[in-house]
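Me: Could you take a close look at the packing inside this model for me? I would like one connected account of the nonpolar core.

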Amino acid sequence: MRAKSLKILDILMPLVALGVILALWGITAKAVGSELLFPSISTTFSSLFELVKSAEFYLSVGHTLLRSLLSFALAFAVGILLAVLSALIRPIRKLLSPVIVIVRVIPTMSVILLALVWVSSYVSPILVAFVVICPLIYGGYLSAIDGVDKDLVDMCKIYKVGAWQRVKSLYLPCTALSLFDTVKSTLGLTVKLVIAAEVLAQTKDSIGLGMQLSKIYLDTPILLAWTIVAILLGGALEGLMAILKKIYTSRKI
C-alpha cells in the first residue's frame with residue numbers, strides 16, 4: 001500500500017509543480033499586461049501551434065537534434081576513451097589533468113566565439129558542445145572506474161582473470177549506472193549548448209536561428225514557443241535515458 005502511495009506521489013508531484021509554473025506564468029502575464037514583454041499562455045501556445053504547422057519547424061528541430069546527437073556522440077566516445085586510458089596509465093591521467101581543468105573553466109561564451117572564428121556556422125555548435133561535454137563525461141566515468149571495489153580488482157589479479165573478462169564481469173556492471181546518470185545529465189545540457197551556439201552563429205535551419213529571428217522581430221510569443229520546443233527536446237532525451245536505465249536495472253535484478 002505504501003509503495004502504491006509513493007508511486008502516486010511520484011506522478012502527482014511533477015504535475016503539481018507544472019501547475020504552479022503555469023499559474024505563476026498566468027499571474028505574471030496578467031500583471032505585466034503586455035504581450036510584447038511577457039506573452040500570455042494562450043498567445044504562446046497559439047504561436048507554438050502555428051510553428052508546428054510549418055515544414056521549416058521540423059527541418060529546424062531535426063537539424064538541431066542531429067547536431068546535438070552528433071556532438072554528444074563524439075564527446076562520449078572521446079571522453080570514455082580518455083577516461084579508460086587515464087585509469088590504466090597514470091602518466092596519461094597526470095598529463096590530461098591540467099588540460100581538463102583548463103577546458104572546464106573556459107567561459108562557454110569564449111568557446112562559442114572562438115568556434116565561430118575557426119569553423120563554419122553549421123559545425124560551430126557541434127564543436128562548442130563537444131568541448132564542454134567531453135570533460136564532464138571524462139570526469140564522470142573516470143570517477144566511476146576509480147569507485148570500483150578495490151578488493152574485487154585485487155581478487156581478479158590474484159586469480160589472473162583475463163582483461164576482457166575483467167572488463168565484462170567487473171568494470172562494466174560496476175560503472176553502468178553511473179554512466180547512465182552522466183549521460184542523462186549531459187544530454188539536456190548538450191541541447192542547450194548547441195542551441196546557444198546556433199543563436200550566435202545564426203546557423204541555417206536550426207532552433208537557434210528561429211530564436212534569433214524572433215528576437216530581431218520582437219516576436220516574444222514565438223521566442224517563448226521555441227523555448228518550449230527546446231525544453232521538450234532536452235527533456236525527451238533525458239527521459240529516454242531514464243527509461244533505458246530503468247530497463248537495464250530491472251534486467252540486472
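Reply: Happy to; what follows goes from the core as a whole to two of the residues in it and its surroundings. Please keep in mind that this is a predicted model.

The largest nonpolar core has 42 residues, and those touching the most other members are Y141, I195, I207, M211, W226 and V229. Many helices take part: α1 (2-32), α2 (41-53), α3 (55-88), α4 (90-105), α6 (124-146), α8 (163-201), α9 (207-216) and α10 (220-252) supply at least two residues each. The biggest contribution, 10 residues, comes from α6.

Let's start with Y141. Beyond its neighbours within four places in sequence, Y141 contacts I80, A83, V84, L172, T175 and L179.

Now for I133, which sits in helix α6. Its relative accessible area is 0%, so I133 counts as buried, the cut-off being under 20%. Once residues up to four places away in sequence are set aside, I133 touches F72, A75, T186, L189, T190 and L193. One of these partners, T186, is 53 residues from I133 in sequence, yet their C-alpha atoms are 6.7 Å apart.

A second core, of five residues, lies apart from the largest one, and its members include V111, I112, A115 and V128.

Not every nonpolar side chain is hidden away, though: I11, L12, M13, L15, V16, V20 and L24 make a nonpolar surface patch of about 660 Å². Of these, M13 is placed in helix α1.

Terms used
Residues are numbered from 1 along each chain as its sequence is written. This is a predicted model: local features need pLDDT of at least 70, side-chain atom pairs count only at pLDDT 80 or more; totals for chains, interfaces and linings use all residues. Side-chain values use heavy atoms; hydrogens and water are left out. A nonpolar core is a set of buried Ala, Val, Leu, Ile, Met, Phe, Trp, Tyr and Cys residues joined through side-chain atoms within 4.5 Å. Buried means under 20% relative accessible area, exposed over 50%, partly exposed in between (1.4 Å probe, protein chains only). Helices (H or I, at least four residues) and strands (E, at least two) are DSSP runs, numbered from the N terminus. Contact means heavy atoms within 4.5 Å. Patches are made of residues with over 30% relative accessible area and no salt bridge: like charges are joined within 9 Å, nonpolar side chains (Val, Leu, Ile, Met, Phe, Trp, Tyr) within 5 Å. Accessible areas come from the Shrake-Rupley method with a 1.4 Å probe; for residues, only the protein chains shown count as cover. A salt bridge is a side-chain nitrogen of Lys or Arg within 4 Å of a carboxyl oxygen of Asp or Glu.
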